[in-house]
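Ready for a few exercises on packing and empty space? Have the viewer open and try each task before reading on.

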Amino acid sequence: MKAFLFDLNGTMIDDMDYHNRAWHSILTEDLGKKISMQETKLQMYGKNSELLERVFGKGHFSDEQMDKLSNEKERRYQLAFRPHLKLIDGLDTFLQTAEQHGIKMAIGSAAIPYNIDFILDNLNIRHYFPVTVSAEDVTYSKPDPETFVKAAELSGVRPEDCIVFEDNPKGVEAALKGGMKAIVITTMHEERDFEGLPNILKFVADYNDPYLQGLFS
């Protein structure tokens, strides 16, 4: 493989529970929606505006209102998660090894640039990722393949020469539609949640899994 394309939240950092709690707080406390934490978790894919439209219906909020809610959600998430900000175990060494082997790396995330910058800069890993594709860089979110296809194109690599690292079934589906294999980090979902997705090479708990070392041989 010539390139590794990484989702960000839940794939490089184990933060999805903090996103879930921030969204649940916004939806229930601020907006009065009766929704469980589990249902909130299931809605957490794609752009923030798309989540709001899935929960409340299109046209319920203006673009300005959705932007304001999105920014408040990210503020709460970052405030809660900042003391716990760290890479998933083994990822620091994995990134170093990939760089040494000349493997290109890119970010393909539904996060807004504000959150991508929060992670890359605070963890000092931006130098590994000359290409980042955010929610603002695509028309269609995962499970549409646009995010990963664009990351591959900007990296100068064919989709079939990429491995996608993901934690979410929608992201793995996006990789499948883009003609890419995927490795799943099981931070937020169990293996049974990925049934029917034949492009998965391996499920791993973290980046210390011995399978990942075989990618460099």
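Below are five exercises with worked solutions on this predicted model.

**Exercise 1. Find which residues touch the most other members of the largest nonpolar core, and which elements build it.**

Step 1. Begin with the hubs. The largest nonpolar core has 36 residues, and F4, F6, F94, F129 and F165 touch the most other members.

Step 2. Move on to the elements. Two or more residues each come from strand 1 (3-6), helix 4 (63-81), helix 5 (91-100), strand 2 (104-108), helix 6 (113-122), strand 4 (162-166) and strand 5 (181-185).

Step 3. Zoom in on one hub. Leaving aside residues up to four places away in sequence, F6 touches M12, L91, F94, L95, M105, A106, I107, G108, F129, F165 and Y207.

Step 4. Look for a second core. Another one, of 21 residues, lies apart from the largest, and its members include L5, F148, V157 and F194.

**Exercise 2. Work out which residues of strand 1 lie on each side, and which strands pair with strand 1.**

Step 1. Recall the general pattern: side chains in a regular strand alternate between the two faces of the sheet.

Step 2. Apply it here. A3 and L5 are on one side of strand 1, F4 and F6 on the other. These four residues are buried, so both faces of strand 1 are covered, given that buried means under 20% relative accessible area.

Step 3. Add the neighbours. Strand 1 runs parallel to strand 2, with four bridges between them, and pairs with strand 4, also in the parallel sense, over four bridges.

Step 4. Check the register at A3. Its bridge partner in strand 2 is K104, while in strand 4 A3 stands opposite C162.

**Exercise 3. Decide whether P130 is buried or exposed.**

Step 1. Locate the residue: P130 sits in the loop between helix 6 and strand 3 (131-133).

Step 2. Compare its area with the cut-off. P130 has a relative accessible area of 73%, and because exposed means over 50%, P130 is exposed.

Step 3. Take one distance. The C-alpha atoms of P130 and M105 are 7.5 Å apart, with the two positions 25 residues apart along the chain.

**Exercise 4. Describe the largest and second largest pockets by volume and lining.**

Step 1. The largest pocket has a volume of about 260 Å³. Its lining consists of K47, N48, S49, E53, D63, M66, D67, S70, N71, I112, A135 and E136.

Step 2. Assign the lining to elements. Helix 3 (48-56) and helix 4 each supply at least two residues, and helix 4 gives the most, with five.

Step 3. Sort by class: three residues are nonpolar, four polar and five charged.

Step 4. Repeat for the second largest pocket, with a volume of about 160 Å³. Of its 13 lining residues, K41, L42, P169, H189 and D193 are the closest to its centre. Helix 2 (37-42) and helix 8 (169-177) each give two or more residues, with the largest share, three residues, from helix 2.

**Exercise 5. Find how many cavities of 30 Å³ or more the structure holds, and what lines them.**

Step 1. Count them: a search of the whole structure finds two.

Step 2. Characterise the largest cavity. Its volume is about 360 Å³, and of its 26 lining residues M16, M44, Y45, G46 and A110 are the closest to its centre. By class, this lining has eight nonpolar, nine polar and nine charged residues.

Step 3. Finish with the second largest cavity, with about 30 Å³ of space. M16, K41, M44, D167, N168, M188 and H189 line it.

Technical notes
Residues numbered from 1 in each chain as written. Predicted model: local features only at pLDDT ≥ 70, side-chain atom pairs only at ≥ 80, totals over all residues. Heavy atoms only, no water. Core = buried A, V, L, I, M, F, W, Y, C linked by side-chain atoms within 4.5 Å. Buried < 20%, exposed > 50% of the residue type's maximum accessible area, 1.4 Å probe, protein only. Contact = heavy atoms within 4.5 Å. Pairing = 2+ DSSP bridges. 1 Å grid on protein atoms, 1.4 Å probe; cavity = no way out; pocket = protein on both sides within 12 Å on 5 of 7 lines; lining within 4 Å. Points joined across faces, edges and corners; volume = space filled by probe spheres on them. Nonpolar A, V, L, I, M, F, W, Y, C, P; charged D, E, K, R; others polar.
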